[in-house]
Amino acid sequence: MKWWKTPKTAVVWTILRVWLGIQWLEAGWHKVAGGFNAGGFMQGAIAQAAGDHPAVQGWYAGFLENVALPNADLFSTLVAWGEVLVGIGLILGAATIPALIAGAFMNLNFLLAGTTSTNPILYTAAIILLFTGAGAYCWGVDRFAIPYIKTMIKGGHGIGKKEAHTH
C-alpha cells in the first residue's frame with residue numbers, strides 16, 4: 001500500500017476533504033437559500049475579456065456570451081446545487097472522486113471567468129485529493145460503498161447474475 005493511502009495518512013486527507021466540503025457547502029447553501037443569479041457574474045466576466053491584458057480569454061467569453069448567459073437560470077441552478085452536492089459528498093466521503101472532479105471543474109470555470117478569490121486554493125486541494133485516490137475516502141462512506149457496489153456489479157446478491165438454464 002502506498003504511503004498516501006494508509007489509514008494513518010488518510011486522516012490528513014480526511015481533514016482536508018471535510019474542510020473542502022465545508023467550503024463548498026457554505027458557498028452553495030448561501031446561493032440556494034438567498035436566490036442566486038449568475039447572469040451578473042457572467043456579464044462581468046465577459047467585460048474582462050477586453051483590453052490589452054484581458055483576465056478572461058476570448059474563447060471563454062464567447063462561451064459565456066453565447067451559451068451560458070442565454071441560459072443563466074439553468075447555470076445559476078447548476079452552480080448553486082452543484083456546490084451544495086459537492087460539499088455534502090466531500091463531507092460524508094460519498095461519491096468522493098466525482099465530487100472532487102465536479103468541484104475542480106467548477107473552480108476551473110470560476111478561474112477562467114477571471115475570479116481568483118479562494119479558487120486556486122480549493123482547486124489545488126481537490127487535485128491533491130484526486131491524486132491520493134482511495135486515501136481521500138478511506139475515512140468516509142465510499143470506504144464501504146465502493147466495495148459493496150463492486151460486489152453488486154459483479155453479481156453479488158442476485159443482481160447482475162446470469163441464471164443458469166438447465167434443459
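This is a short selection-by-selection walk through a predicted model, taking in helix packing, aromatic rings and backbone angles.

**Stop 1: α1 against α4**

Start by selecting helix α1, residues 7–34, and then add helix α4, residues 72–92. Their axes sit 7 Å apart and the packing angle is about 150°. Angles over 145 degrees count as roughly antiparallel, so that is the label α1 gets relative to α4. The crossing here is left-handed.

Now show side chains. On the α1 side, pick Arg 17, Val 18, Leu 20, Gly 21, Ile 22, Trp 24, Leu 25, Ala 27, Gly 28, Trp 29, Lys 31 and Val 32. Facing them from α4 are Val 79, Ala 80, Trp 81, Glu 83, Val 84, Val 86, Gly 87, Ile 88, Leu 90, Ile 91 and Leu 92. If you colour this contact by class, you should get 17 nonpolar, three polar and three charged residues.

**Stop 2: α1 against α6**

Keep α1 on screen, hide α4, and bring in helix α6, residues 119–132. How do the axes of α1 and α6 cross? They come within 10 Å and cross at roughly 140°. That makes the pair oblique, and the crossing is left-handed.

For the side chains, select Trp 13, Leu 16, Arg 17, Trp 19, Leu 20 and Gln 23 in α1. Their partners in α6 are Ile 121, Leu 122, Ala 125, Ala 126, Ile 128, Leu 129 and Thr 132. By class, the contact splits into ten nonpolar residues, two polar and one charged. While you're here, click on Arg 17 and Leu 20: they belong to the α1 side of this contact and also to the α1 side of the contact with α4.

**Stop 3: the aromatic rings**

Next, clear the view and show just the aromatic side chains. There are four aromatic pairs in the structure. Begin with Tyr 60 and Phe 63, whose ring centres are 5.7 Å apart with the planes at 40°, so this pair is tilted. Both rings come from helix α3, residues 58–68, and a spacing of three residues puts them about one helical turn apart.

Is Tyr 60 buried or exposed? Switch on a surface and look: Tyr 60 has 6% relative accessibility, so it counts as buried. Phe 63, at 30%, counts as partly exposed.

Stay on Phe 63 and add Phe 75. This second pair is edge-to-face, with 6.2 Å from centre to centre and 75° between the planes. It links distant parts of the chain, since Phe 63 is in α3 and Phe 75 is in α4, twelve residues apart. Phe 75 is partly exposed too, with a relative accessible area of 24%. Add Trp 59 to the selection and you have the whole cluster: ring pairs join Trp 59, Tyr 60, Phe 63 and Phe 75.

**Stop 4: two positive phi angles**

Last, switch to a backbone view. Most residues other than glycine have a negative phi. Which way does phi of Ala 95 go? It is positive, about 55°, although Ala 95 is not a glycine. You'll find Ala 95 in the loop between α4 and α5, and at 44% relative accessibility it counts as partly exposed.

Then jump to Ser 117, in the loop between α5 and α6. Phi of Ser 117 is also positive, near 45°. At 60% relative accessibility, Ser 117 counts as exposed.

Technical notes
Residues numbered from 1 in each chain as written. Predicted model: local features only at pLDDT ≥ 70, side-chain atom pairs only at ≥ 80, totals over all residues. Heavy atoms only, no water. Axes fitted to C-alpha atoms, helices over the stretch in contact; angles between N-to-C directions. Helix = DSSP H or I, 4+ residues; strand = E, 2+ residues; numbered from the N terminus. Parallel < 35°, antiparallel > 145°, perpendicular 65-115°, else oblique. Left-handed = near helix turned anticlockwise from the far one by under 90°. Contact = heavy atoms within 4.5 Å. Nonpolar A, V, L, I, M, F, W, Y, C, P; charged D, E, K, R; others polar. Phe/Tyr/Trp six-rings, centres within 6.5 Å; stacked < 30°, edge-to-face > 60°. Buried < 20%, exposed > 50% of the residue type's maximum accessible area, 1.4 Å probe, protein only.
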